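Hi,

Here is the structure I promised to pass on. Have a look at it first, and then read on for what turned up in the pockets and the salt bridges.

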Amino acid sequence: ASELVRKSDLGVVVRAGGRAELMRWGFYREFNPAINNARADKLEGGMWKEAFHERRCVIPMSLFYEWGPGVGGRKQANEFRDPDDDFLWAAGIWEENHELGPCYTMVTTTASPLMSPIHDRMPALLRPEEMDEWLVGKDRWEFLPFAEALVVTPCESPLARRTADERPQQGELF
């Protein structure tokens with residue numbers, strides 16, 4: 001079973017050289033304490049540019065969730081995973097925060113045909129043979145919608161699975 005990582009939680013990332021380590025998910029900014037996604041089409045500007053050129057990582061995932069249209073106007077959670085239960089590898093970037101330590105954010109890109117009825121964006125998934133090239137910092141990178149098959153299953157919201165002791169207290173992010 002995999003552990004659900006929510007924004008501002010610690011998650012495993014892999015940096016160049018294959019070293020796995022824990023980092024906090026989400027870049028901290030005054031206006032948002034955990035920016036957990038960076039759009040691929042915005043990596044050359046603003047807060048992402050330096051990390052995109054100098055500090056890349058890969059985020060191993062056994063699955064990910066996306067919310068889309070549901071019954072009666074409610075959002076429906078959907079679980080996405082590899083059909084062979086292999087890891088999915090998402091492109092990421094990271095930065096050092098003086099108070100929080102190393103923090104990462106996931107790169108998102110245009111939705112694949114499988115994802116587009118659910119959401120217009122998705123994690124920028126890398127094929128295993130692309131990981132080294134991503135990590136060494138190739139200046140130009142084109143994220144194409146992930147063409148490989150993923151298994152998608154409508155499911156209960158993973159955020160609803162918390163026990164009473166795990167539910168956020170006032171002031172917590174999730």
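Let's start with the pocket lining: β7 gives the largest share of the lining of the largest pocket, at four residues. Keep in mind that this is a predicted model.

β7 spans 64–69, and it is one of several strands that each put at least two residues into that lining; the others are β1 (10–14), β5 (37–39), β6 (56–61), β10 (101–110) and β11 (121–123). The volume of this largest pocket comes to about 1,100 Å³. There are 35 lining residues, and Leu-4, Val-5, Trp-25, Phe-64 and Met-106 sit closest to the centre. If you sort the lining by class, you get 20 nonpolar, seven polar and eight charged residues.

What is the volume of the second largest pocket? About 190 Å³. Here 14 residues form the lining, with Asp-82, Phe-87, Leu-88, Pro-128 and Phe-146 closest to the centre. Two strands, β9 (88–97) and β12 (125–126), each supply at least two residues of this lining. Its class split is ten nonpolar, four charged and no polar residues.

Now for the charged pairs. Side chains of opposite charge can pair when their charged atoms come close. The count of salt bridges in this model is eight, and here are a few of them.

Arg-81 pairs with Asp-85, with 3.1 Å between the closest N and O atoms. How accessible are the two partners, Arg-81 and Asp-85? Arg-81 is partly exposed at a relative accessible area of 23%, while Asp-85 counts as exposed at 56%. Elsewhere, shared partners link Arg-15, Arg-19 and Glu-21 into one network of salt bridges.

Within that network, the side chains of Arg-19 and Glu-21 meet at 3.1 Å, N to O. Arg-19 is partly exposed, with a relative accessible area of 47%. Glu-21 has a relative accessible area of 19%, and it counts as buried because the cut-off is under 20%.

One last pair: Arg-39 and Asp-41 form a salt bridge through their side chains, at 2.8 Å from N to O. Arg-39 has a relative accessible area of 36%, so this residue is partly exposed.

That's the handover. Shout if anything is unclear.

Cheers

How values were computed
Residues are numbered from 1 along each chain as its sequence is written. This is a predicted model: local features need pLDDT of at least 70, side-chain atom pairs count only at pLDDT 80 or more; totals for chains, interfaces and linings use all residues. Side-chain values use heavy atoms; hydrogens and water are left out. A salt bridge is a side-chain nitrogen of Lys or Arg within 4 Å of a carboxyl oxygen of Asp or Glu. Buried means under 20% relative accessible area, exposed over 50%, partly exposed in between (1.4 Å probe, protein chains only). On a 1 Å grid over the protein atoms alone, a cavity is a set of points where a 1.4 Å probe fits but cannot get out, and a pocket is an open set with protein on both sides within 12 Å along at least five of seven lines; lining residues have an atom within 4 Å of a point. Grid points are joined across faces, edges and corners, and a volume is the space filled by probe spheres set on the points. Ala, Val, Leu, Ile, Met, Phe, Trp, Tyr, Cys and Pro count as nonpolar, Asp, Glu, Lys and Arg as charged, and the others, Gly among them, as polar.
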